[in-house]
Amino acid sequence: MGSIVSKDITKFLQRVGPDPDSVIKDMETYADENDFPIVGSAVGGWLCQLTQLSESRSIFEFGSGFGYSAYWFSRALPDNGQIVLTDHDAQNLNKAETFFDRSDFEGSVHFEHGDAIETVQQYSGPFDIVLLDNEKDRYKEAFESVREKVAPGGLVITDNSMMTTITVDFEELHALVRGEDIETHKNTTGIAELYEAIGRDPAFDTTVLPIGDGVAVSYKNS
Ligand SMILES: C[S@@+](CC[C@H](N)C(=O)[O-])C[C@H]1O[C@@H](n2cnc3c(N)ncnc32)[C@H](O)[C@@H]1O
C-alpha cells in the first residue's frame with residue numbers, strides 16, 4: 001500500500017488538527033477494526049473547516065460509507081443545514097444512523113440507499129458542497145450528474161484525487177493528466193477523466209491538496 005503523505009506528517013496533522021469528539025473516535029476505531037476506507041482525520045478536519053469558512057448549509061455526498069466524512073461536515077453545519085448521505089450498502093447507512101443518533105447536529109440528515117448518481121436526481125439542490133467519494137471510474141459521471149446543482153460559489157470536493165493505493169499508479173496518473181494515451185487501471189483512468197472534466201470546465205477553479213489520498217477542491221465561480 002502506498003501513501004502520498006509520510007506517517008510522520010499524517011501523525012502531525014492529526015495532532016494539530018481539530019479535536020475529534022467521542023463519536024469520531026469511535027468511528028475511527030470501527031474503520032480500523034473493519035478495514036473500512038475513510039477520508040481520515042486530516043481530511044475530515046479540513047472538510048469541517050471548509051464548511052465553516054464557506055458558511056455552507058447544504059451538502060451532498062456521493063459515497064458516504066458509515067458516515068465518517070458526513071459527520072465531520074455536520075460539525076460545522078448550522079442548525080438549519082442539511083446533509084445527504086448516499087450508499088449502495090444499506091448496512092453502512094444503518095451504521096451511519098447509529099453514529100448520527102449521538103450527534104448534536106439539529107439540521108436534516110438524509111440517508112439514501114441506492115446508487116448515488118440516481119439518488120441525486122431526486123434532489124434539486126442547490127448544494128454548497130458536494131463530496132465525490134464513489135467508484136473512481138464513475139467520478140466524471142457523478143460530477144456531470146450534479147454540476148448544475150452546485151450553487152454559485154459552491155465547492156466540489158473529490159477524494160482520492162492523488163490516490164496511490166488500490167492499484168492507482170501515481171506515475172500513470174501523472175502521464176494521463178499530461179495527456180498521454182496509456183492503458184492503465186480503471187481507477188487511475190477515472191481520476192484522470194475527472195480532472196479532464198472539471199479542470200477544463202470554465203465554471204470551476206480547481207486546486208489539489210496533498211492530504212489523505214489527495215483532495216481536489218473545485219470552486220464554482222459562476
Ligand atoms: C471510500 S468509502 C466512503 C467513505 C466516506 N466518504 C468517508 O470518508 O467516511 C466509499 C463508499 O461509497 C459507496 N459507493 C461507491 N459507489 C457508490 C455509488 N455509485 N452509489 C452509492 N454508494 C457508492 C461504497 O459502498 C462505500 O461505502
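Six bridges join S6 to S7, and the two strands run antiparallel. Strands pair here if DSSP finds at least two bridges between them. Helices (H or I, at least four residues) and strands (E, at least two) are DSSP runs, numbered from the N terminus. S6 and S7 make a hairpin with five residues between them. Gly212 sits in that turn with a positive phi of about 60 degrees. Leu209 stands opposite Val215 in S7.

This is a predicted model: local features need pLDDT of at least 70, side-chain atom pairs count only at pLDDT 80 or more, and totals for chains, interfaces and linings use all residues. Residues are numbered from 1 along each chain as its sequence is written, and side-chain values use heavy atoms, with hydrogens and water left out.

**Overall form**

The protein chain has nine helices and seven strands. Its C-alpha trace spans about 50 × 40 × 30 Å along the principal axes. The radius of gyration is 16 Å, which agrees with the value near 17 Å for a compact globule of 222 residues. That radius is taken over C-alpha atoms, and the globule rule is 2.2 Å times the number of residues to the power 0.38. Of the 222 residues, 47% count as buried. Buried means under 20% relative accessible area, exposed over 50%, and partly exposed in between (1.4 Å probe, protein chains only). Among contacts between residues at least 6 apart in sequence, 68% join residues at least 24 apart. Contact means heavy atoms within 4.5 Å.

**The sheet**

Seven strands form an open sheet in the order S3-S2-S1-S4-S5-S7-S6, with mixed pairing. Strand S3 (108–113) and strand S6 (204–209) stand at the edges. Each has a single partner strand, so one side of each is left without a neighbour in the sheet. Neighbouring strands are turned by 15 degrees against each other on average, direction ignored.

S1 (residues 58–62) pairs in the parallel sense with S4 (residues 127–132) over four bridges. Phe62 has Leu132 in S4 as its bridge partner. S1 also pairs in the parallel sense with S2 (residues 82–87), over three bridges. There, Phe60 stands opposite Val84 in S2.

S1 is mostly covered: five of its five residues are buried. In a regular strand the side chains alternate between the two faces of the sheet. Ser58, Phe60 and Phe62 point one way from S1, and Ile59 and Glu61 the other way.

**Helices on the sheet**

H3 (residues 41–53) has 13 residues and reaches 18 Å from its first C-alpha to its last. That is close to the 18 Å expected at 1.5 Å a residue; the expected span is 1.5 Å times one less than the number of residues. Its buried residues are Ser41, Ala42, Val43, Gly44, Gly45, Leu47, Cys48, Leu50 and Thr51. H3 lies across S1, S4, S5 (150–159), S6 and S7 (215–220), running at about 180 degrees to S5. H9 packs on the sheet too, touching S4, S5, S6 and S7. The direction of H9 makes about 140 degrees with that of S6. Axes are lines fitted to C-alpha atoms, for helices over the stretch in contact, and angles run from 0 to 180 degrees between N-to-C directions.

H9 (residues 186–199) also meets H7 (residues 139–146). Their axes come within 7 Å and cross at roughly 30 degrees. From H7, the residues are Tyr139, Lys140 and Phe143. From H9, they are Gly190, Ile191, Glu193, Leu194, Ala197 and Ile198. The residues of this contact divide into six nonpolar, one polar and two charged. Here Ala, Val, Leu, Ile, Met, Phe, Trp, Tyr, Cys and Pro count as nonpolar, Asp, Glu, Lys and Arg as charged, and the others, Gly among them, as polar.

Val146 lies in H7. At 0% relative accessibility, Val146 counts as buried. Val146 touches Phe62, Val120, Phe127 and Val130, not counting residues up to four places away in sequence.

**Backbone exceptions**

Most residues other than glycine have a negative phi, and most peptide bonds are trans. The table lists two residues with positive phi.

| Residue | Phi | Loop | Relative accessible area |
|---|---|---|---|
| Asp35 | near 50 degrees | between H2 (22–34) and H3 | 72%, exposed |
| Glu55 | about 50 degrees | between H3 and S1 | 68%, exposed |

The peptide bond from Gly125 to Pro126 is cis, with omega near -5 degrees. Pro126 is found in the loop between H6 (116–119) and S4.
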